[in-house]
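This report describes one protein chain, beginning with a single residue and then widening to the helices and the chain as a whole. The sequence and the coordinates are shown below.

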Amino acid sequence: MKTFDSLYAELTSLSNLRPDGSGTVALLDQGVHAIGKKIVEEASEVWMAAEHESAQALAVEISQLVYHLEVLMVAKGITPEDVYREL
């Protein structure tokens, strides 16, 4: 099971190692605009799942939103600690 911190470490590693075929690397290469569009898309899917789907489906959508938020964090050099300070 991944945590917020372990996912961030994994994404940071992918960003640094840049393995061929990585979807994360491809998204990072597309830039902040593309990542932001995915965040908006995933946020709407979270909302729709909350309104119309099961708790499990909602959890899946939330996990996808968290993933894309963390990709944006990596792209912008924001760490989990930066976020925690603002909670």
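## Met73 in helix 4

Met73 counts as buried because its relative accessibility is 8%, which falls under the 20% limit for that class. The model in which this value was computed is a predicted one. Met73 belongs to helix 4, a helix that covers residues 55–76.

Residues up to four places away in sequence being set aside, the contacts of Met73 are with Phe4, Tyr8, Ile78, Thr79, Pro80 and Val83. Of these partners, Phe4 and Tyr8 fall within the range of helix 1, residues 4–17. Val40 stands 33 residues from Met73 along the chain, and the C-alpha atoms of the two are separated by 15 Å.

## Ala55 and Ala59 in helix 4

Helix 4 also holds Ala55 and Ala59. Are these two residues buried or exposed? Ala55 has a relative accessibility of 64% and is therefore classed as exposed, the cut-off for that class being over 50%. Ala59, at 45%, counts as partly exposed.

Two C-alpha separations place these alanines relative to earlier parts of the chain. Ala55 and Leu27 are 28 residues apart in sequence, with 28 Å between their C-alpha atoms. For Ala59 and Gly36, 23 residues apart along the chain, the corresponding separation is 20 Å.

## Thr24 in helix 2

Thr24 is a residue of helix 2, which spans residues 23–30. Why is Thr24 counted as buried? The reason is its relative accessibility of 7%, a value under the 20% limit.

Apart from neighbours within four places in sequence, Thr24 is in contact with Leu11, Leu14, Tyr67 and Val71. Leu11 and Leu14 lie within the residue range of helix 1 (4–17), whereas Tyr67 and Val71 lie within that of helix 4 (residues 55–76).

## Arg18 between helices 1 and 2

Arg18 is located in the loop that joins helix 1 to helix 2. Most residues other than glycine have a negative phi. Arg18, although not a glycine, has a positive phi of about 50 degrees. Its relative accessible area is 37%, so Arg18 is classed as partly exposed.

## Contact of helix 2 with helix 3

Two packed helices are described by the angle between their axes and the distance between the axes. For helix 2 (residues 23–30) and helix 3 (residues 32–52), the axes come within 5 Å and cross at roughly 115 degrees. Helix 2 contributes Leu27, Leu28 and Gln30 to the contact, and helix 3 contributes Val32, Ala34, Ile35 and Lys38. By class, the residues of this contact comprise five nonpolar, one polar and one charged.

## The chain as a whole

What secondary structure does the protein chain contain? It comes to five helices and zero strands, and the pattern along the sequence reads α-α-α-α-α. Along the principal axes, the C-alpha atoms fill a box of roughly 40 × 30 × 25 Å. Among contacts with a separation of 6 or more, 58% are between residues 24 or more positions apart.

The protein chain has 87 residues, of which 28% are buried; Thr24 and Met73 are among the buried residues. The chain exposes about 5700 Å², and carbon and sulfur atoms supply 60% of this area. The charges number 6 positive and 14 negative, and their mean positions are 7 Å apart.

Key
Residues numbered from 1 in each chain as written. Predicted model: local features only at pLDDT ≥ 70, side-chain atom pairs only at ≥ 80, totals over all residues. Heavy atoms only, no water. Axes fitted to C-alpha atoms, helices over the stretch in contact; angles between N-to-C directions. Helix = DSSP H or I, 4+ residues; strand = E, 2+ residues; numbered from the N terminus. Contact = heavy atoms within 4.5 Å. Nonpolar A, V, L, I, M, F, W, Y, C, P; charged D, E, K, R; others polar. Buried < 20%, exposed > 50% of the residue type's maximum accessible area, 1.4 Å probe, protein only. Areas by Shrake-Rupley, 256 points an atom, 1.4 Å probe, with all protein chains shown as cover. Lys, Arg positive; Asp, Glu negative; His and termini not counted. Charge placed at Lys NZ, Arg CZ, Asp CG, Glu CD.
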